[in-house]
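Colleague: Please put the model on the screen, and we can go through it together.

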Amino acid sequence: MQPNQTTSSVPAVQLPVMLVAEVQDSLLVVVHDLNRLDGLLAHTMTNLMERFTSASANLADPALVASKELDAVRSALRAAVTELQFQDMASQLIVHTSKILQGCAYRLASESMGLEDGEAVPFVEDVPERPNPVTQDEMYAGSVELF
């Protein structure tokens, strides 16, 4: 790879068009896979919430005799529901990462290949300024953190 000999004071590197196209395609495949992963996580969390809600309702039945074991099951169920917040944090990270990768893919293509006559610039949101949208790394039952 030869540096571009231009009058600009910014160093530049010339890359083969096929390499740029392959890298862009790979970045967009990763974005697509991350979006699919986000959908799978959301679907799984919806199903889990339905099951936890059903189990909680069944455990609240007044016909059940209170016992230490039953209290322990209820406590574990409340803790499991709290841990489902993981999906929200994971989803935020997936969306954040997808935006960055998509922005990189389109910028790589436009910077190295330019746009053909009449070709529209693809709409891409600005790359997020914050490096990580989720700062919380653990949760405790009863605690709430707003993102």
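Colleague: With which hand does α1 pass α2?

Modeller: α1 passes α2 in a left-handed crossing (the near helix is turned anticlockwise from the far one by less than a right angle). Helices here are DSSP runs of H or I with at least four residues, numbered from the N terminus. This is a predicted model, in which local features need pLDDT of at least 70, side-chain atom pairs count only at pLDDT 80 or more, and totals for chains, interfaces and linings use all residues. Residues are numbered from 1 along each chain as its sequence is written, and side-chain values use heavy atoms, without hydrogens and water.

Colleague: At what angle do α1 and α2 cross?

Modeller: At roughly 155 degrees, and the axes of α1 and α2 (residues 68-83) come within 11 Å. Axes are lines fitted to C-alpha atoms over the stretch in contact, with angles from 0 to 180 degrees between N-to-C directions. The two helices are therefore roughly antiparallel (over 145 degrees) to each other.

Colleague: Which residues make that contact?

Modeller: From α1 they are Met49, Phe52, Ala55, Ser56 and Leu59, and from α2 they are Leu70, Val73, Arg74, Leu77, Ala80 and Val81 (contact: heavy atoms within 4.5 Å). By class, this contact has 9 nonpolar, 1 polar and 1 charged residues.

Colleague: And how do α1 and α3 pack?

Modeller: Their axes are 9 Å apart and the angle is about 165 degrees. That angle is why α1 counts as roughly antiparallel to α3. The crossing of α1 with α3 is left-handed, and the contact has 23 nonpolar, 8 polar and 1 charged residues by class.

Colleague: Moving to α3 itself, how many residues does α3 have?

Modeller: Helix α3 covers residues 85-113, which is 29 residues. From first C-alpha to last, α3 reaches 42 Å, close to the 42 Å expected at 1.5 Å a residue (1.5 Å times one less than the number of residues). Just after α3, Gly114 has a positive phi of about 70 degrees.

Colleague: Which residues of α3 are buried?

Modeller: Gln87, Met89, Ala90, Ser91, Ile94, His96, Ser98, Leu101, Gly103, Ala105 and Ala109 are buried (under 20% relative accessible area, 1.4 Å probe, protein chains only). The cover over the buried residues of α3 includes α1 (17-59).

Colleague: Why does Gln87 count as buried?

Modeller: Because the relative accessible area of Gln87 is 17%.

Colleague: What does Gln87 touch?

Modeller: Leaving out residues up to four places away in sequence, Gln87 touches Asp38, Leu41, Ala42 and Met45.

Terms used: Buried < 20%, exposed > 50% of the residue type's maximum accessible area, 1.4 Å probe, protein only. Parallel < 35°, antiparallel > 145°, perpendicular 65-115°, else oblique. Nonpolar A, V, L, I, M, F, W, Y, C, P; charged D, E, K, R; others polar.
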